[in-house]
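Colleague: I should be grateful for a close look at one part of this model, explained for a first-year student. Please take the open sheet and the helices beside it.

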Amino acid sequence: MKHPEHIPASVTIQCIQDPDQKQRIARDVLEALPDWFGVPESREAYIRGSRDQTMFAANCGGAFSGFLCLKPTGNATVELAVMGIKKPFHRQGIGTLLFRAARDHAESAGFAFMQVKTVAAGHYEDYDRTNRFYQSLGFQELEVLPELWDAANPCQIYILSLKERASLTDLILRRHSYRGRFLPDRIPRQDLNLILEAGLAAPSGCNKQTTSLIAVDDPGMLEKIHAVIDPPVGETAPAMICVLSQKIYAYRDRCFAVQDYSAAIENMLLAITALGYQSCWYEGHITDTDRICDRIADILGVPPEYDLVCMLPVGVAESKPAAPRKKPFEERAFFNGFRTENA
Ligand SMILES: Cc1cc2nc3c(=O)[nH]c(=O)nc-3n(C[C@H](O)[C@H](O)[C@H](O)COP(=O)(O)O)c2cc1C
C-alpha cells in the first residue's frame, strides 16, 4: 500500500491535437515500458499510429506520465487502441481518468461501443490485472481470438456499450456489501471528492447537517488506522471514508443524527458503485463494546463532540461482490395496505 510520495494527488487530462506532440508523448511513454512494448516493430507501429488517432494524455505536474489513443474500427465502434502509463505512476488512478475522458469523447462523437484487446486472463499476472482493470470500468468479454497474436498470447476482446450507462435503479440493485480484497490502485482525489459530495448532498432532519466526513488516502494514516481494527476489515483498500455524527437536536428532544448519517452513507455507497469501486458499511464492527471507532477518532484528531460511527473502505475489488439473499418482495412490500395486495 506504499505510494511514491512525489506523485501529485491531482492529474490533468489533456486532449492532444498536434501530431508531432502525440508522437513524442507516445514514444516517451512506450519506450519507458519495455515489459509491455518491448518488440521494436510493434512499438514503432503504435507510435506512428498515434499521429492520426485521438489522444488523451495525463499531465502530472508538467510532464506527461501516460496516454491512451482511440481509433474508430467501424461507424458504431471505437477501439481503445493503445494505453501506456509510466511505471512509477501505476496504481495512481491515472488509467481511470484517461478512460473517463476517452469514454466521454467517444460518447459525444456518437459511437455506440468501445472495444479493447488484451491478453486473456489466466496467462500472466500483469495481464490478469489489466483484465480486472477493464472489467472494473464496465467492459464485458466479447470473444477470445486464440491465434490473432500467437498461441501463448490469446487475444481477449472486451466491449463496452456507450449507450447504456447504468440507470440509477440498476446502480441501486448492483450495490452489494463487498468484504473481499481490493486492488492497490490509488483512488483519484477527484473521485473521493465526488463521493464526499454525494454524502453531503443527502437530506437531513430540519437540515441540521449533523454528518461530517473524513476521507483517508494517506498510506501512513491508513496503516495507523488499520493497526487498531481487530479483527481486520477492508485493510487492503487504498482509501476509506470515516463518517462523523454530531448529536444536534432538530427541535424539542428530536435528534435525527442517525437518520442523517444513514442517508449520507447510502448516497456515498451508490456514488462508490457508480464510479466502479466497492465498499461495505462497517458500523457494527467498529462501534461494539471495544469501541474501535474511538481509537480511529483519536488517530484522526476528531473533537469530542463528534462520534465516529462508520467506516467505508473504497477501492477497486479484486473479486466479484456476491449478492446477499434478500427476503421475497411480496413479504416486505405492499400496495394499499399491509399484505392486502401485491404488485
Ligand atoms: C447499520 C449497519 C451496520 C453495518 N455494520 C456492518 C459491519 O460492522 N460489518 C459488516 O461486515 N457489514 C456491516 N453492515 C453491512 C450489512 O451486513 C449488509 O448491508 C447486509 O448484510 C446486506 O447486504 P448488502 O449490503 O450486500 O445488501 C452494516 C450495515 C448497516 C446498515
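Modeller: The account below begins with confidence, proceeds through the sheet, and then turns to the helices.

The model is predicted, and its protein chain has an average pLDDT of 93, with 96% of the residues scoring at least 70. Residues 1–7 have a pLDDT below 50, and this stretch makes 11 contacts in the model beyond near neighbours in sequence. Where pLDDT is low, the predicted coordinates should not be read in detail.

The open sheet consists of three strands in the order E8-E9-E10, with antiparallel pairing. Strand E8 (211–216) and strand E10 (306–314) lie at the edges; each has a single partner strand, so one side of each is left without a neighbour in the sheet. From one strand to the next, the twist averages 20°. In general, strands of a sheet pair through backbone hydrogen bonds, either parallel or antiparallel.

The pairing can be followed residue by residue. E8 and strand E9 (residues 239–246) run antiparallel and are joined by six bridges. Within this pair, Ala 215 is found opposite Ile 241 in E9. Helix H8 (residues 257–274) packs on the sheet and touches E8, E9 and E10. The direction of H8 makes about 160° with that of E9.

H8 also meets a second helix. Two packed helices are described by the angle between their axes and the distance between the axes. For helix H6 (residues 189–200) and H8, the axes come within 7 Å and cross at roughly 150°. The crossing in which H6 passes H8 is right-handed. On the H6 side, the contact is made by Leu 194, Ile 195, Ala 198 and Gly 199. On the H8 side, the residues are Ala 264, Asn 267, Met 268, Ala 271 and Ile 272. Sorted by class, the contact of H6 with H8 has seven nonpolar residues, two polar residues and no charged residues.

To draw the picture together, H8 packs on the sheet, and the contact of H8 with H6 has no charged residues. A student tracing this part may begin at E9, which is joined to E8 by six bridges, and may then look for H8, which touches E8, E9 and E10. From H8, the next step is to H6, reached through residues including Leu 194 of H6 and Ala 264 of H8.

Key: Residues numbered from 1 in each chain as written. Predicted model: local features only at pLDDT ≥ 70, side-chain atom pairs only at ≥ 80, totals over all residues. Pairing = 2+ DSSP bridges. Helix = DSSP H or I, 4+ residues; strand = E, 2+ residues; numbered from the N terminus. Axes fitted to C-alpha atoms, helices over the stretch in contact; angles between N-to-C directions. Contact = placed C-beta atoms within 7 Å. pLDDT = per-residue confidence, 0-100. Left-handed = near helix turned anticlockwise from the far one by under 90°. Nonpolar A, V, L, I, M, F, W, Y, C, P; charged D, E, K, R; others polar.
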